[in-house]
Amino acid sequence: MAKSANLYARIEPEIKEQAESILSVLGIPASNAINMFYKQIILHRGLPFEVKIPDRKPLDMSMLSKEELHAELEKGYADMEAGRTKDAKTVFADIHKDYGL
């Protein structure tokens, strides 16, 4: 099918620059990436990713006080002691399975 429709969108210049830099490394023109995105919207009958407000913010370890850092490390140690962890091999196998890699 011939590509003859135009799309005009306003986006933040920094976002455009960062995304196009990554696409350039991948060898994908921005117009092709947008076309792929639209095709995924059609295939998924909606956005091809989950859009929601996260339950909690990711923890920025660099912003923690010494006491807070020790408390987080203690939580991790307690999880390890209680067997609430997975080895790296299992985690990577799960990622490969979940994302079809």
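Partly exposed here means a relative accessible area between the buried limit, under 20%, and the exposed limit, over 50%. F37, at 32%, is therefore partly exposed. The model is predicted, and the tour starts at this residue.

**Stop 1: the aromatic cluster**

Select F37, which sits in helix α2. Then add Y38 and F49: ring pairs join F37, Y38 and F49 into a cluster. How many aromatic pairs does a search of the whole structure find? The search returns two. In one of them, F37 meets Y38 edge-to-face, with 6.3 Å from centre to centre and 65° between the planes. The other geometry to look at is F37 with F49, a stacked pair with centres 6.3 Å apart and planes at 15°. F37 belongs to helix α2 and F49 to the loop between α2 and α3, so this pair ties together parts that are 12 residues apart in sequence.

Now colour the cluster by accessibility. Y38 has a relative accessibility of 42% and so counts as partly exposed. F49, with a relative accessible area of 47%, is partly exposed.

**Stop 2: the nonpolar patch**

Keep the three aromatic residues selected and add L7, I34, L47 and V51. Together with F37, Y38 and F49 they form a nonpolar patch on the surface. The accessible area of the patch is about 670 Å² in total.

**Stop 3: helix α2 and its end**

Select residues 30-44, which make up helix α2. Place a distance between the C-alpha atoms at its two ends; the value is 21 Å. For 15 residues at 1.5 Å a residue the expected span is also 21 Å, so the two agree.

Step on to R45, just after α2. R45 lies in the loop between α2 and α3, the latter being residues 66-81. What is the sign of phi at R45, a residue other than glycine? The phi of R45 is positive, near 55°. Most residues other than glycine have a negative phi. R45 has a relative accessibility of 79% and so counts as exposed.

**Stop 4: along the loop to I53**

Move to I53, also found in the loop between α2 and α3. Is I53 buried or exposed? At 74% relative accessibility, I53 counts as exposed. Draw a C-alpha to C-alpha distance from I53 to E74: the two are 28 Å apart in space and 21 residues apart in sequence.

**Stop 5: helix α3**

Show α3 and repeat the end-to-end check. Its 16 residues should span 22 Å at 1.5 Å a residue, and the end C-alpha atoms are 22 Å apart, so the check agrees.

Within helix α3, select K75 and E72. Their side chains meet in a salt bridge with an N to O distance of 3.0 Å. Why are K75 and E72 separated by about one helical turn? The reason is that they are three residues apart in helix α3. An α-helix has 3.6 residues a turn, so residues three or four places apart point the same way. K75 is partly exposed at 49% relative accessibility, and E72 is partly exposed with a relative accessible area of 25%.

After α3 comes G83, whose phi is positive, near 75°.

**Stop 6: K86 and D94**

Continue to K86, in the loop between α3 and α4 (88-99). From the C-alpha atom of K86 to that of E74 the separation is 17 Å, with their positions 12 residues apart along the chain. Leaving out residues up to four places away in sequence, K86 touches V91 and D94.

D94 forms a salt bridge with K86, and the closest N and O atoms are 3.0 Å apart. Side chains of opposite charge can pair when their charged atoms come close. The relative accessible area of K86 is 56%, so K86 is exposed. D94, at 24%, is partly exposed.

**Stop 7: back to helix α1**

How many salt bridges does the structure hold? The count is four. Select E20 and K16 for one that has not been visited yet: their closest N and O atoms are 3.1 Å apart. Both residues lie in helix α1 (residues 13-26), four residues apart, or about one turn of the helix. E20 is partly exposed, with a relative accessible area of 32%. K16 also counts as partly exposed, at 40% relative accessibility.

Technical notes. Residues are numbered from 1 along each chain as its sequence is written. This is a predicted model: local features need pLDDT of at least 70, side-chain atom pairs count only at pLDDT 80 or more; totals for chains, interfaces and linings use all residues. Side-chain values use heavy atoms; hydrogens and water are left out. The expected span of a helix is 1.5 Å times one less than its number of residues. Buried means under 20% relative accessible area, exposed over 50%, partly exposed in between (1.4 Å probe, protein chains only). Patches are made of residues with over 30% relative accessible area and no salt bridge: like charges are joined within 9 Å, nonpolar side chains (Val, Leu, Ile, Met, Phe, Trp, Tyr) within 5 Å. Accessible areas come from the Shrake-Rupley method with a 1.4 Å probe; for residues, only the protein chains shown count as cover. Rings of Phe, Tyr and Trp (its six-membered ring) pair if their centres lie within 6.5 Å; planes under 30 degrees apart count as stacked, over 60 as edge-to-face and the rest as tilted. Contact means heavy atoms within 4.5 Å.
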